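Visitor: I would like to go through this structure with you, starting with its backbone. Could we take it topic by topic?

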Amino acid sequence: MAEMTVLEAVRTTLAEAMERDDRVLILGEDVEAGGVFRATDGLAGRFPGRVIDTPLAESSIIGVSIGLAHYGMRPVAEIQFADFIHAGFDQLCSEASRWCYRTCGDAWLPMVVRAPWGGGVHGGQHHSQSIEAFYGHIPGIKVVVPSFPADYRSLLRAAIEDPNPVLFLEHKRTYRLIRQEVDGAPAETRIGRSRIARRGEDVTIIAWGLMLHEALAAAEQLAAEGVECTVVDLLSVQPLDRETICEAAKATGKVLIVHEDTLTGGFGAEIAATIAEEAFEYLDAPIRRLCGPDIPSMPYHPAMEHFFMPDRERIAAAARELAAY
């Protein structure tokens, strides 16, 4: 198979799932025309009646998906930008997440909600949000955050086949930026497992989404200076692969967690707490977090967006300080 972008990986996997199972259908705003990022481009023609435009009403998109899933379909809902998923927060967190639990396992809800998230595209206040911490907090919803095309393919397939609700987060800056020859590439097939993307003995960096690529670039830069980093690709925030995280922390004794969500209450806090509880005696330095600042939203102006988002230079600087601690 040829080299793929993240966007092509998503589109190809959706098509394969629809070919394989006629219960799979797609719904969302403008999906018949391909969606705002063209993730569903061409699918309406290939699968008539199974790619369905909806009103601009995220609560109803998720509510309809719940009904479809309950009655045997496998809906894949698209939220045009993750920032707008909060209109469907109650449907996801008060209904979908509890479906199996409140029926004592008598009913399942095989539905996927795809949501483009994150910054780096000058999307401004309403098109740049990181939402993983909100939904990673809710038991009953799996939250997946791949970084490479091969993982997008394998984990989106796993999400569609999962009997429970899955929030599948697609970092929109990586859609066309990240390419990969997917044949032979490492691809995690189980939701809830992380991967060691690079091994080093001095500092462990844990990241996801766009920040994983920035962390790998920083690790490459630091290696030239003699600082070797282990980089953990989180892949999933719920369930959280505590074993891989703690083993990586124990191996270096120094941990840097990087995410572009704001610092306070960001998902890095949960990872830091996990390491503190389960690997504290192996640590040689305080756990550090490099995150967005605690301001209400990401600014639009490129200079201010740059100020907001961590990047490879800031990651390298933080890891360098940590290595010298």
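Guide: R38 is found in the loop between strand 2 (24-28) and helix 2 (43-46). Helices (H or I, at least four residues) and strands (E, at least two) are DSSP runs, numbered from the N terminus. The model is predicted: local features need pLDDT of at least 70, side-chain atom pairs count only at pLDDT 80 or more, and totals for chains, interfaces and linings use all residues. Residues are numbered from 1 along each chain as its sequence is written, and side-chain values use heavy atoms, with hydrogens and water left out.

Visitor: What is the phi of R38?

Guide: R38 has a positive phi of about 75 degrees, although R38 is not a glycine. Most residues other than glycine have a negative phi, and most peptide bonds are trans. L235, also not a glycine, has a positive phi of about 70 degrees.

Visitor: Are R38 and L235 buried or exposed?

Guide: R38 is partly exposed, with a relative accessible area of 32%, whereas L235, at 1%, counts as buried. Buried means under 20% relative accessible area, exposed over 50%, and partly exposed in between (1.4 Å probe, protein chains only). L235 is found in strand 12.

Visitor: And which residues does a cis peptide bond join?

Guide: The cis peptide bond joins Q238 and P239, with omega at about 5 degrees. P239 lies in the loop between strand 12 (235-238) and helix 10 (242-252).

Visitor: Moving to electrostatics: how many salt bridges are there?

Guide: A search of the whole structure finds 20 salt bridges, each being a side-chain nitrogen of Lys or Arg within 4 Å of a carboxyl oxygen of Asp or Glu. One of them is between the side chains of E78 and R114 (2.8 Å, N to O). E78 lies in strand 4 (residues 74-78) and R114 in strand 5 (residues 112-117), so this pair ties together parts that are 36 residues apart in sequence.

Visitor: Is that pair buried or exposed?

Guide: E78 is buried at 4% relative accessible area, and R114 is buried at 1%.

Visitor: What about R242 and E270?

Guide: R242 forms a salt bridge with E270, and the closest N and O atoms are 3.4 Å apart. The pair links distant parts of the chain, with R242 in helix 10 and E270 in helix 11 (residues 267-279), 28 residues apart. R242 is partly exposed at 34% relative accessibility, as is E270 at 35%.

Visitor: Which residues are linked in a network of salt bridges?

Guide: The network links E16, R153 and R157.

Visitor: Now the rings. How many aromatic pairs does the structure hold?

Guide: The structure holds 7 aromatic pairs. Rings of Phe, Tyr and Trp (its six-membered ring) pair if their centres lie within 6.5 Å; planes under 30 degrees apart count as stacked, over 60 as edge-to-face and the rest as tilted. For F81 and F84, the ring centres are 6.4 Å apart and the planes are at 85 degrees, so that pair is edge-to-face. F81 is buried at 11% relative accessibility, while F84 is partly exposed at 30%.

Visitor: What of Y152 and F168?

Guide: Y152 and F168 form an edge-to-face aromatic pair, 5.8 Å centre to centre with 75 degrees between the planes. Y152 lies in helix 7 (residues 149-161) and F168 in strand 7 (residues 166-171), so the pair ties together parts that are 16 residues apart in sequence. Y152 is buried at 0% relative accessible area, and F168 is buried at 0%.

Visitor: Which residues do ring pairs link into a cluster?

Guide: The cluster consists of F37, F81, F84 and Y175.
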